[in-house]
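Got the model loaded? Set it to cartoon, keep the selection box handy, and we'll walk through it stop by stop.

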Amino acid sequence: MAFTTTTTTNTATFAPPVVVHRPTSGRPNRVLCQASSKQGDPSLTRRAVAAAFLTAVVGVRNSNNGVGVAEAEAAILEADDDVELLEKVKKDRQKRLERQGVISSSNKETGYLQELVYKLSKVAQAIEKNDLSTATSVLGTNTNSDWVKNINKAFTKLSSTPEEMIEVDTFNSSLASLISSVNKKDIESSKLDFISSADALEKWIVLTGLVGKIKGL
């Protein structure tokens, strides 16, 4: 329905006010035209804007149980976490460089480990053929042999974490059982003990970063 405005010298007819509703909000628009009349109001300074912002933050805290503020605080904590993560990355990199330096200066120790791998390979072939006499000749009769002492020197020098030492202990225990089983001519136990020894050694080599330095794995 259209409305018209007629103007005469002394009288005027005005159209009735029209209220426009936005379907998305479900509420009638508030009249904001008054703001235009205050564009020059000196009270709208930066300080006033900041105060209004702080008031809004407090309002958010009161109305939403601090959810909005909590999100801001979480963002600050996340930034702190990023700094801590960066520091951790730097430390890890420094540790890797130090580890590489130790490995580079441990040719004798890596030689002991390479000898160990060759021995285990020969033992595996002998066990596969049920030839435990050959396995005994390779391993010896106990863990007091020089080659066992040498590999433990290598383990000591190249191990730097509790996880690595756990694998060292597992290997030594499995190796002792393997030597005992082979000498007893217990083929089934020899197979199980060999697998346990090989697994522990492989895990230790991965943990210490020696993959690629030791052949035959």
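Here is the tour, starting with the whole chain and then moving to single residues.

**Before you click**

This is a predicted model, where local features need pLDDT of at least 70 and side-chain atom pairs count only at pLDDT 80 or more, while totals for chains, interfaces and linings use all residues. Residues are numbered from 1 along each chain as its sequence is written, and side-chain values use heavy atoms, with hydrogens and water left out.

**Stop 1: the whole chain**

Colour by secondary structure and you should find seven helices and two strands. Helices (H or I, at least four residues) and strands (E, at least two) are DSSP runs, numbered from the N terminus. Reading from that end, the order is β-β-α-α-α-α-α-α-α.

Switch on the surface: the protein chain exposes about 15,700 Å², with carbon and sulfur atoms supplying 56% of it. These areas come from the Shrake-Rupley method with a 1.4 Å probe, and for residues only the protein chains shown count as cover. Of the 217 residues, 24% are buried; buried means under 20% relative accessible area, exposed over 50%, and partly exposed in between (1.4 Å probe, protein chains only). Among contacts (heavy atoms within 4.5 Å) with a separation of 6 or more, 65% join residues 24 or more positions apart.

**Stop 2: helix 5**

Select residues 146-158, which form helix 5. At 1.5 Å a residue its 13 residues should span 18 Å, and the end C-alpha atoms are indeed 18 Å apart; the expected span is 1.5 Å times one less than the number of residues.

Now show side chains for Trp147, Val148, Asn150, Ile151, Ala154, Phe155 and Leu158, the buried residues of helix 5. Look down the axis of helix 5: these buried residues fall within an arc of 160 degrees, so they line one face. That arc is taken from the directions from the helix axis to the C-beta atoms. Turned away from the buried side are the exposed residues Asp146, Lys153 and Thr156.

**Stop 3: the core**

Stay on Phe155. Beyond its neighbours within four places in sequence, Phe155 is in contact with Leu113, Leu116, Val168, Phe171, Asn172, Leu201 and Trp204. In the largest nonpolar core, which has 31 residues, Phe155, Phe171, Leu175, Leu201 and Trp204 touch the most other members. Helix 3, helix 4 (132-139), helix 5, helix 6 and helix 7 (187-208) each supply at least two residues of this core, with the largest share, eight residues, coming from helix 3. A nonpolar core here is a set of buried Ala, Val, Leu, Ile, Met, Phe, Trp, Tyr and Cys residues joined through side-chain atoms within 4.5 Å.

**Stop 4: two buried polar residues**

Pick Glu109 in helix 3 (residues 107-128). Glu109 counts as buried at 12% relative accessibility, and beyond four places in sequence it touches Ala154, Lys157 and Leu158.

Then jump to Ser181 in helix 6 (residues 162-183), buried at 8%. What does its side chain make a polar contact with? The partner is the side chain of Asp193, at 2.7 Å. A polar contact is a pair of N or O atoms within 3.5 Å; within protein, one must be able to donate a hydrogen and the other to accept it, and residues adjacent in sequence count only if both atoms are side-chain atoms.

**Stop 5: two loops**

Finish with Asn130, in the loop between helix 3 and helix 4. Its phi is near 60 degrees, a positive value in a residue other than glycine. Lys185, in the loop between helix 6 and helix 7, has a positive phi of about 60 degrees as well. Asn130 is exposed at 53%, and Lys185 is partly exposed at 46%.
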